[in-house]
Amino acid sequence: MNNLSLPTKIALGLLYVFIVINIILISISLSQPSEGGEFAALHNFAMLIYAVFIGGGSLVLFISSFFLRKQKRWAYFLSFILILLILPILAFSDLKEIAFNLTPGAKISLNKEILPVAILLLLILGRKDFRKVQTSK
């Protein structure tokens, strides 16, 4: 991990924060199901499906983060693709969100907008860390 660039180290830290936030918000959403009628049951089922995809993606991201430290190219591409796949699922899901009000009426979500985009940008900036490393003897 000592030979990783600063953007990659920051991206790894933000990736861990992103994973923890998603796991916490999934557990909150699943522990408080909607009540009242047929549509509530459908909503609870949809939340379960979203939770499976977001939780599974977060688990695979957690595993690939260890290989990101070892500068494996496949882990870089896998993390990049998983974040891109989790973004639309987060956008359509009804997970609780950690939001900041910058202006009246405009919310920016930490877990749906800020963290994933920041991680992707930092991974792009640190892409040189994942080029093929030539071993010298």
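**Exercise 1. The packing of H1 against H2**

At what angle do the axes of H1 and H2 cross, and within what distance do they come? Describe the relative direction, the handedness and the residues of this contact in the predicted model.

*Solution.*

Step 1. Two packed helices are described by the angle between their axes and by the distance between those axes. For H1 and H2 the axes cross at roughly 155° and come within 10 Å.

Step 2. Angles over 145 degrees count as roughly antiparallel. H1 is therefore roughly antiparallel to H2.

Step 3. The crossing in which H1 passes H2 is left-handed.

Step 4. On the H1 side, the contact is formed by Leu12, Leu15, Tyr16, Phe18, Ile19, Asn22, Ile23, Ile26, Ser29 and Leu30. Their partners in H2 include Met47, Ile54, Ser58, Phe62, Ser65 and Arg69. Sorted by class, the contact of H1 with H2 comprises 16 nonpolar, five polar and one charged residues.

**Exercise 2. The packing of H1 against H4**

Determine how helix H1 (residues 6–31) packs with helix H4 (residues 110–125), and give the composition of the contact.

*Solution.*

Step 1. The two helices pack at an angle of about 155°, and their axes are 9 Å apart. H1 is thus roughly antiparallel to H4.

Step 2. The crossing of H1 and H4 is left-handed.

Step 3. Among the H1 residues that make the contact are Pro7, Ile10, Ala11, Leu14, Val17, Ile21 and Asn22. H4 contributes residues including Leu110, Asn111, Leu115, Pro116, Ile119 and Leu122.

Step 4. By class, the contact of H1 with H4 has 17 nonpolar, two polar and no charged residues.

**Exercise 3. Two polar residues in helices**

Establish whether Asn22 and Ser65 are buried or exposed, and list the contacts of each.

*Solution.*

Step 1. Asn22 lies in helix H1, and Ser65 is placed in helix H2.

Step 2. The cut-off for a buried residue is under 20% relative accessible area. Asn22 counts as buried because its relative accessibility is 0%. Ser65 counts as buried because its relative accessibility is 0%.

Step 3. Leaving out residues up to four places away in sequence, Asn22 touches Ile54, Ser58, Leu90 and Asn111. With neighbours within four places set aside, Ser65 is in contact with Leu12, Leu15 and Tyr16.

Step 4. Ser65 and Ala11 are 54 residues apart along the chain, and 9.9 Å separates their C-alpha atoms.

**Exercise 4. The backbone at Gln71**

Locate Gln71, state what is notable about its phi, and decide whether the residue is buried or exposed.

*Solution.*

Step 1. Gln71 is found in the loop between helix H2 (38–69) and helix H3 (73–92).

Step 2. Most residues other than glycine have a negative phi. Gln71 is not a glycine, yet its phi is positive, at about 60°.

Step 3. Gln71 counts as buried because its relative accessibility is 15%.

**Exercise 5. The chain as a whole**

Summarise the secondary structure, burial, contacts and surface of the protein chain.

*Solution.*

Step 1. The chain contains four helices and two strands. Along the sequence these follow the pattern α-α-α-β-β-α.

Step 2. Of the 137 residues in the protein chain, 35% are buried.

Step 3. Take the contacts between residues at least 6 apart in sequence: 68% of these join residues at least 24 apart.

Step 4. About 8600 Å² of the chain is exposed, and carbon and sulfur atoms supply 69% of that area.

Methods. Residues are numbered from 1 along each chain as its sequence is written. This is a predicted model: local features need pLDDT of at least 70, side-chain atom pairs count only at pLDDT 80 or more; totals for chains, interfaces and linings use all residues. Side-chain values use heavy atoms; hydrogens and water are left out. Axes are lines fitted to C-alpha atoms, for helices over the stretch in contact, and angles run from 0 to 180 degrees between N-to-C directions. Angles under 35 degrees count as roughly parallel, over 145 as roughly antiparallel, 65 to 115 as roughly perpendicular and the rest as oblique. A crossing is left-handed if the near helix is turned anticlockwise from the far one by less than a right angle, and right-handed if clockwise. Contact means heavy atoms within 4.5 Å. Ala, Val, Leu, Ile, Met, Phe, Trp, Tyr, Cys and Pro count as nonpolar, Asp, Glu, Lys and Arg as charged, and the others, Gly among them, as polar. Buried means under 20% relative accessible area, exposed over 50%, partly exposed in between (1.4 Å probe, protein chains only). Accessible areas come from the Shrake-Rupley method with a 1.4 Å probe; for residues, only the protein chains shown count as cover.
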